[in-house]
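Colleague: Could you take a close look at one part of this model for me, and explain it slowly enough for a first-year student to follow?

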Amino acid sequence: MRSLASTPVAPFVDALPVPRRLCAAEHEGRLTVRMRAGTHRFHRDLPESAVWGYEGTVPGPTIEAERGQPVTVEWRNELEGRLPVVVTIAPDAVDADGVPVQCVPGLSGGQPDEDAAALTGHTVVHLHGGLTPASYDGWTENLFAPGQQAVFHYPMNQRAALLWYHDHVMGITKLDVYAGLAGLWIVRDDRERELGLPEGPPFEVPLLIQDRNFDLDDEGRLTGRLVHKTDPDVMEAFAPFTVVNGKVWPVLDVQPATYRLRVLNGSNARTYRLVLVRAGEPDLDRIVQIGTDHGLIRAPVPVPSNGLLLASAERADLLVDFSGLEPGTELTLLNTAPAPFDGSSFAAADAEHAADVEGLLPYPHVMRFRISPGPGAPRPIPRDLATDYEPAAQDALAGAPRRAIALVERELDGEPNMLTMRELAPAADDHAGPVVSLIDGGRTIRYRVVAAHFEDTTTFFPMLGEDEVWQLINLTGDTHPIHLHLDPFQILARYPIRHEIPEGGMGERDLAATVRLERDPDDELDHAIDDNERGLKDTVRVNPQEIVEIAVRFTTYSGRYMYHCHILEHEDRDMMRPFVTMPMELMPFMA
Ligand SMILES: [Cu+2]
């Protein structure tokens, strides 16, 4: 593992910004949010960057809503000018010093992509985690251009949780979000208030974590211009600078008290494994996790001993006890996850040595907490949190409809790989074409591919109110965070698998593969469901050599929705598919 000698800008000098709060109740539930070009300073020592942001800011305002109180947002697209991001594919994966180009600023010899430079601000807004009618869910092709607006109604009939709103335009979500189009959305409810959890400043702090890269001028100085850089070996942009609430490596002064951190990984592609370090040692015992993507879990849990894993779009609700620490004490949040992430572990005790340029992690820094003088007391942590859901049980789901999806990566000559979701259906006995054979002991199920690309015919029609089991079969070498729009799900199982794709088995639409439900002797992943994943989720990490089973029930809204990988470069390269939720009584009329 190699690290770089020094950071291009000083870490832990800018104060952590907290995005402006926009409370729907103070505006009778009617909000106007304008998308605007603006400027933003990502670090004290960086020039201003041109950005696109909600209200022109990075991140956008944090919208706060109350369960059961609908919110109407007029999303006004007032974006002017062209995409404020230079997009490039560097010609080589490493620079003259052998350092991977994604670890350094600048274009690394790449040409600016002219098509990206020509983009004007077409947008569509998705509220991630929202239980939202299909018309307002932000269908990826329903764009609105500069000068146009959309009025979306959000019923907010959903439990308290940290959601986020972001752009979702077909093919360029990665660029619009990277330009700054993302913001947090907090739903609150009475259950959280009964528990006395911190609400609002100073003890509730949202942390939107992203990675960004910047251009260099002719003298090699950072210009602040945003750079989305990939290379011939890695199709995702893994930028070297971690940005929290819009600042590179910020610092937050905290009282010696309990803080509630609402953490979201809003990066395009990077997975974080967060370790809190004090005086060189991991200090994870201060952290208790009380919630996940869709709000409170049933009981508090420690974060995993290696650190808190968050792939793109995953959230964590944390209570961190800073009491008993002397003023001036510093605690640093570090990231130990290399990129692209493949599920492999890294000991928290080595977090300070996690820098690894080959793992596209030149700087593990995320942010720092610094204890300020003040009255301090730990806050008691409630033992029972959520009581409104039961853990999903395999046996209760024995008769539930099952859906199978293979995640595959197709290598292409001269252009970035395609990642697709191959929807599978049982193959008839006389089916002559390629099949995916799923072998579980003595039992074999043969599947054929029924959909391979986003625009292929819809094959998933879940019935409202009916439990379903979806099986996500990862035949790639990377971890994919798979996100379902609309209702949350629970993770039922992770099964280790071995798989083989024969020579020529991966067609443009077809797939031949043998998948065995058994552990490869060389497989070092534990394929466990972490305690903090046993809640209501909307995004799940599907690791290599693994099948993940989830239980989902769509409850309320009929219509056309999407599910996809939340690595935005994958989503934009075809790792996305539609599904249509239907009321049961319409089934007899479906041709
Ligand atoms: Cu993916």
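Modeller: Let us begin with Thr132, which lies in the loop between strand 7 (125–128) and strand 8. Please keep in mind throughout that this is a predicted model. Thr132 has a relative accessible area of 1%, and because buried means under 20%, Thr132 is counted as buried. Leaving aside residues up to four places away in sequence, Thr132 touches Leu127, Asp137, His153 and Tyr154, and also Leu486, Tyr557 and Tyr561.

From this loop we can move on to the sheet that contains strand 8. It is an open sheet of 4 strands, in the order 3-2-5-8, and its pairing is mixed. Strand 8 (149–154) and strand 3 (49–54) are the edge strands, each pairing on one side only, and from one strand to the next the twist averages 20 degrees. Strands of a sheet pair through backbone hydrogen bonds, in either a parallel or an antiparallel manner. Here strand 2 (residues 30–40) and strand 3 run antiparallel and are joined by 6 bridges; as one example, Met35 has Tyr54 in strand 3 as its bridge partner.

The model also holds a copper ion, whose protein donors are His480 through ND1, Cys565 through SG and His570 through ND1, at 2.0 to 2.1 Å from the ion. Along the sequence these donor residues follow the spacing H-x84-C-x4-H. Two of them can be judged by the cut-off already used for Thr132: Cys565 counts as buried because its relative accessibility is 0%, and His570 counts as buried because its relative accessibility is 1%.

Terms used
Residues numbered from 1 in each chain as written. Predicted model: local features only at pLDDT ≥ 70, side-chain atom pairs only at ≥ 80, totals over all residues. Heavy atoms only, no water. Donors = N, O, S within 2.8 Å, 3.2 Å for Na, K, Ca; no water. Buried < 20%, exposed > 50% of the residue type's maximum accessible area, 1.4 Å probe, protein only. Pairing = 2+ DSSP bridges. Helix = DSSP H or I, 4+ residues; strand = E, 2+ residues; numbered from the N terminus. Axes fitted to C-alpha atoms, helices over the stretch in contact; angles between N-to-C directions. Contact = heavy atoms within 4.5 Å.
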